[in-house]
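The following note concerns strand pairing and nonpolar packing in the model shown below. Please read the points alongside the coordinates.

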Amino acid sequence: MKKIEFLYFSGCPNSEPTFNNLLEAMKELGINIDVQKIDVETLEKVKEVNFLGSPSIYVDGIDIYMLKTQEVSYVCRTFDIDNKKSGIIPKTFIKDRLKDFI
């Protein structure tokens, strides 16, 4: 069974919109997996979960945006998707990546 994790920290304004996009994408794809929502509150937790910034979506421990290991980071992330920069991961991007993983 696949494992989906949503990592964020309180205060990042992009977390909730991205989490909602993840849930909508999963619903549209018919993916019925419980998402583990992880609030990364400390620098120790950053290292423990290999946190790349808020928000992050991991499938089986792999970040769906980067697809490779990067330096851990405790920042609000920005994403460059289709030549547009945003702090929110679009639902269409999430759906495309989930199709690759699941």
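1. Tyr58 has Asp63 as its bridge partner in S4. The strands S3 and S4 (residues 62–63) run antiparallel and are joined by two bridges; strands are DSSP runs of E with at least two residues, numbered from the N terminus, and two strands pair if DSSP finds at least two bridges between them. Two residues lie between the strands of this hairpin, where Asp60 takes a positive phi near 50°.

2. The model is predicted: local features need pLDDT of at least 70, side-chain atom pairs count only at pLDDT 80 or more, and totals for chains, interfaces and linings use all residues. Residues are numbered from 1 along each chain as its sequence is written, and side-chain values use heavy atoms, with hydrogens and water left out.

3. S3 also pairs with S1, in the antiparallel sense, over four bridges. Here Tyr58 of S3 is the bridge partner of Glu5.

4. Which residues of S3 are buried on each side? Ser56 and Tyr58 are buried (under 20% relative accessible area, 1.4 Å probe, protein chains only) on one side, and Ile57 and Val59 are buried on the other. In a regular strand the side chains alternate between the two faces of the sheet.

5. The largest nonpolar core (buried Ala, Val, Leu, Ile, Met, Phe, Trp, Tyr and Cys residues joined through side-chain atoms within 4.5 Å) has 20 residues. Among those with the most contacts inside it are Ile4, Ile57 and Leu98. S1 (4–8) and S3 (56–59) are among the elements giving two or more residues to this core. A second, separate core of 10 residues includes Phe9 and Phe51.

Note on methods
Buried < 20%, exposed > 50% of the residue type's maximum accessible area, 1.4 Å probe, protein only.
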